[in-house]
Every structure is written in C-alpha cells, then in structure tokens.
Amino acid sequence: MPKETTIALVSVAILILSTLIFIVSRYRKCPSDKIMVIYGKVGSAKDGTALSAKCIHGGAAFVWPIFQAYEYLDLTPISISVDLKNALSRQNIRIDVPSSFTVGISTEPGVMQNAAERLLGLRLNQIQDLAKDIIFGQLRLVIATMDIEEINTDRDKFLEAVSSNVETELKKIGLRLINVNVTDINDESGYIAALGKEAAAKAINDAKKSVAEKDRDGAIGEANAKRDQRIKVAAADAEAIKGENESLAQIAQSNATRRELEADALRRATAAEKIAQAKALQEAYAAEQEAEIARAARERATQEADVLVKAEIQKRKMELEAEAQAEQARILAKGEADAIYLKMEAEARGMQEILTKQALGYAELVRAAGGDALNATRLLLADKMEELMKVQVEAIKGIKIDKVTVWDNLGGSNGTPATANFLSGMLKSIPPMNEMFKMAGMDLPEILGKEAKKDTDSETLEVKEEATVAN
C-alpha cells in the first residue's frame with residue numbers, strides 16, 4: 001500500500017475519532033439532585049416565542065458549542081427561619097408567630113422555567129433572603145384574615161392557608177414549599193394565655209362536678225343498701241317470731257296459765273320490736289335527709305364556681321378590649337395632633353418668610369431713598385397712586401349720568417351753571433385725594449379739588465369796597 005494512502009487513512013481515522021470524542025464530551029447528563037439549565041439558542045415555544053432557557057431534570061442532552069452553554073440548579077432543600085413579630089390579626093391584636101419553612105427549587109415544568117429565569121446564578125443565601133421576604137409578607141397577610149382563636153386552636157386551617165398563599169407566590173420565582181412548622185404563638189396582650197386559663201378552669205370545674213356527682217351517687221347507694229338490709233332483717237325476725245308463736249300457741253293449748261304468760265311475753269316482745277323498727281326507720285330517714293342536704297350544697301357550690309369563673313373571664317376580656325380601643329384612640333389622637341402641629345409650624349414658617357422678605361424689601365426701598373423713611377413712604381404712595389385713583393373712579397363708575405335730568409337756569413353763584421355745581425359736588429363726595437397727596441408731598445391741580453390760596457390784600461380791598469357801597 002502506498003505511503004500517501006496510509007497517511008490519508010490514518011488522518012481520516014484520527015478525524016473521526018476526534019469528532020466522536022468531541023460529541024461525547026458535549027453530551028451532558030443531569031444528576032437526580034440538580035436541574036441542568038441550557039441557555040443560549042435553545043429553540044422556541046409552541047406559540048412561536050423564543051425560549052430563554054431549556055430545563056432538564058433526570059435526563060441528558062447535547063450542548064452545542066458556541067451556540068449554547070449550561071449551568072446547574074441545586075435541588076437541596078433550603079431551611080428558612082421566620083421570626084415574625086407584631087403581626088396584626090383580624091381583631092387588631094398583635095401576635096408573634098415564630099416558624100420555620102423548608103423550600104426548594106421546583107421540578108414542575110412551568111415553575112422550573114421560572115427558576116431558570118430568576119434564580120440561575122444566585123447564591124444559596126440570596127435565594128434564602130428572597131424566599132424569606134415573600135414568606136414574611138404572605139404570613140402577615142394570612143394572620144390579618146384570621147382571628148386569634150382560629151390561629152391558636154385550628155392549626156391545620158392556619159397552616160393550610162399559609163401553605164396555599166406562600167406556595168403560590170414562591171412558584172413565581174421557581175420555588176416550591178416543602179414543609180411549614182409553627183413552633184409557638186404568643187401575643188403581647190396576654191389574650192392567648194387568658195384563653196388557656198379559661199380552658200384549664202373549665203376542665204377543672206368539669207372534673208370537680210363529676211367527682212361531686214359520683215360522691216352523691218355513692219351516698220345514695222349506701223343509704224339504699226342499709227335500708228334494704230334493715231327491711232330484710234326485720235322480715236326474717238318477723239318470720240322467726242311467727243314460728244315461735246305458733247309453737248307456743250300449741251303448747252299453750254294444754255296449759256292455760258302458761259298460755260297467759262306466753263301471751264303477755266309475746267305482747268311485750270312485739271311492742272319492743274315495733275319500737276326498734278320505728279327507731280331504725282327514723283335513723284334511716286335522718287341519714288337520707290343529711291345526704292340530700294350535702295348533695296344540694298355541693299351542686300350550689302359547683303354552680304356558683306361556674307358562674308363566677310365565667311363572669312371573671314368575661315370581665316377580663318372586656319377590660320382587654322377596652323384597653324385595646326383606648327390605645328388605638330390614643331394613637332389616632334397623637335397622629336392628628338402631630339399633623340396639626342406640623343401644618344401650623346409650616347404656616348408659621350411661611351408667614352415668617354413673607355414678613356422677612358417684606359422687611360428686606362422695605363429696607364432696600366429706604367436705602368434707595370437715601371436713608372430717608374419719609375421719602376421711602378412717598379415712593380410707596382406714588383407707586384400705589386394709580387390704584388387709589390382707580391378705586392375713586394370705580395366709586396362713581398356705576399352712576400347712570402344719562403338717566404339724570406337737571407333743570408339748569410344758569411342761576412348759580414358767580415354765574416356758574418347748576419350742572420357744573422352738581423358734578424363738582426359729586427367729586428367732593430369722593431374721599432379727599434388732596435390729603436393723601438399732601439402726605440406724599442405733592443399737590444393736586446385746582447380742578448381736582450385743590451383750594452386756591454387767596455391774596456390777603458385782595459380780600460381786604462373787597463371788604464372795604466363792600467362797606468363803601470353799603471354806606
């Protein structure tokens with residue numbers, strides 16, 4: 001065989017062997033305690049959407065190089081200790097529910113896909129913290145929908161509600177609930193302890209009542225037995241006496257004297273026996289009367305104990321409810337007082353800020369007026385003068401002049417028409433603007449109400465002329 005052919009065959013064999021080794025090395029088997037997650041290009045779902053990962057449990061798959069990679073999710077159970085405190089029940093009573101939960105990554109197809117999308121790459125403590133937050137929230141939610149009596153007495157119902165709520169939320173991140181164990185339930189108000197004391201008191205009272213009833217039955221039975229014994233003894237004695245009397249009667253037939261003596265003895269014996277029987281019956285009746293009195297006393301004591309214990313429990317329950325309502329009212333009142341205080345404090349801060357800004361503005365205005373406060377006041381009045389004039393105009397704006405009829409005969413003083421005097425009087429009825437302008441250091445025109453200054457000499461001359469004319 002030529003050397004080239006041999007080399008070619010060896011190369012093909014090496015290539016085939018390398019391909020087989022490569023294929024075998026990329027074929028991955030999943031252990032039973034893990035989930036193998038293949039990610040990358042893994043295909044699409046039935047509805048056509050691309051899958052983010054492919055999960056395999058208890059099988060094997062070929063992982064394509066370059067296009068795909070894989071990791072494992074550990075199925076080891078995770079124990080989570082949840083020390084829930086101050087959880088609010090439906091009765092607004094806060095309780096402590098220490099418990100422990102055991103969770104693990106689910107192998108259910110849909111849930112396993114959630115675990116691959118949300119838990120892949122997380123460490124064990126991170127998964128534990130995530131599950132713990134979900135359990136805390138759901139446990140508080142379940143407690144808020146149940147009474148303390150249900151949580152304390154019907155543990156199966158409580159655990160079933162917790163398991164249902166918690167597992168529903170855990171499935172969203174790929175976990176499943178394996179076990180729930182509630183170690184103990186306590187409340188800071190002592191309500192659960194009071195329920196235990198109530199149950200213990202009821203059991204003790206029931207036991208005492210049962211013992212009293214058994215004692216009563218024993219005393220009655222003993223009295224009945226003694227009564228039957230005495231009746232049977234008396235009947236036997238009567239039979240014996242009857243036989244003796246018959247024998248004595250046969251003997252007395254032959255001896256009259258002895259018959260009389262025997263008859264007298266029989267009379268005395270019968271009387272004595274009757275007296276003894278009467279005393280026995282009297283003692284029996286007295287014993288029965290004492291037994292009945294004792295039984296009545298026991299029943300009365302039992303009933304009084306039941307009523308007092310129930311009344312004491314009801315009183316304690318009402319006190320606890322009143323204390324809870326008072327505490328709630330105090331909390332609401334404190335919250336309202338804090339809100340009012342904060343609101344008033346904010347309003348005070350706002351008013352202080354406004355006054356501070358106004359003071360700063362007035363200070364700047366005085367500084368701009370050269371430090372003269374009077375000039376600053378004049379500047380303020382001059383700035384507001386337009387608004388003051390607008391207010392004065394608004395005072396007569398609504399008068400319908402076209403509706404006023406004035407008969408004017410031009411007979412006014414100094415030849416002034418009456419209509420002009422009418423309008424002048426209206427203007428004089430407006431608040432005196434002249435005084436405000438004087439405060440600002442300014443003068444109005446004469447037509448707007450300024451009084452013209454008269455010359456003293458002219459006034460004197462006019463007076464003299466008038467005196468001359470009069471003479």
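Over which residues does pLDDT stay under 50? Select residues 450-460, where pLDDT (the predictor's confidence in each residue, from 0 to 100) stays under 50 and for which the model has six contacts beyond four places in sequence, a contact being heavy atoms within 4.5 Å. This is a predicted model, in which local features need pLDDT of at least 70 and side-chain atom pairs count only at pLDDT 80 or more, while totals for chains, interfaces and linings use all residues. Residues are numbered from 1 along each chain as its sequence is written, and side-chain values use heavy atoms, with hydrogens and water left out.

Colour the protein by confidence next: its mean pLDDT is 77, and 77% of its residues reach 70 or more. Confidence is lowest in helix α11 (residues 456-470), at a mean of 48, and highest in helix α3 (residues 124-144), at 89; helices (H or I, at least four residues) and strands (E, at least two) are DSSP runs, numbered from the N terminus.

Stay with α3 and select Ile143, which together with Phe158 has the most contacts inside the largest nonpolar core, a set of 41 residues. Such a core consists of buried (under 20% relative accessible area, 1.4 Å probe, protein chains only) Ala, Val, Leu, Ile, Met, Phe, Trp, Tyr and Cys residues joined through side-chain atoms within 4.5 Å. Helix α3 gives the largest share of this core, seven residues. Beyond four places in sequence, the contacts of Ile143 include Leu84, Ile95, Val97, Ile151 and Phe158. Another core, of seven residues, lies apart from it, with Cys30, Val42, Ile56 and Ala61 among them.

Finally, select strand β2 (residues 34-40), which pairs in the antiparallel sense with strand β5 (residues 68-74) over seven bridges, pairing requiring at least two bridges found by DSSP. Here Gly40 stands opposite Gln68. Strand β2 also pairs in the antiparallel sense with β3 (residues 53-56), over four bridges, and there Ile38 stands opposite Lys54.

Terms used: Buried means under 20% relative accessible area, exposed over 50%, partly exposed in between (1.4 Å probe, protein chains only).
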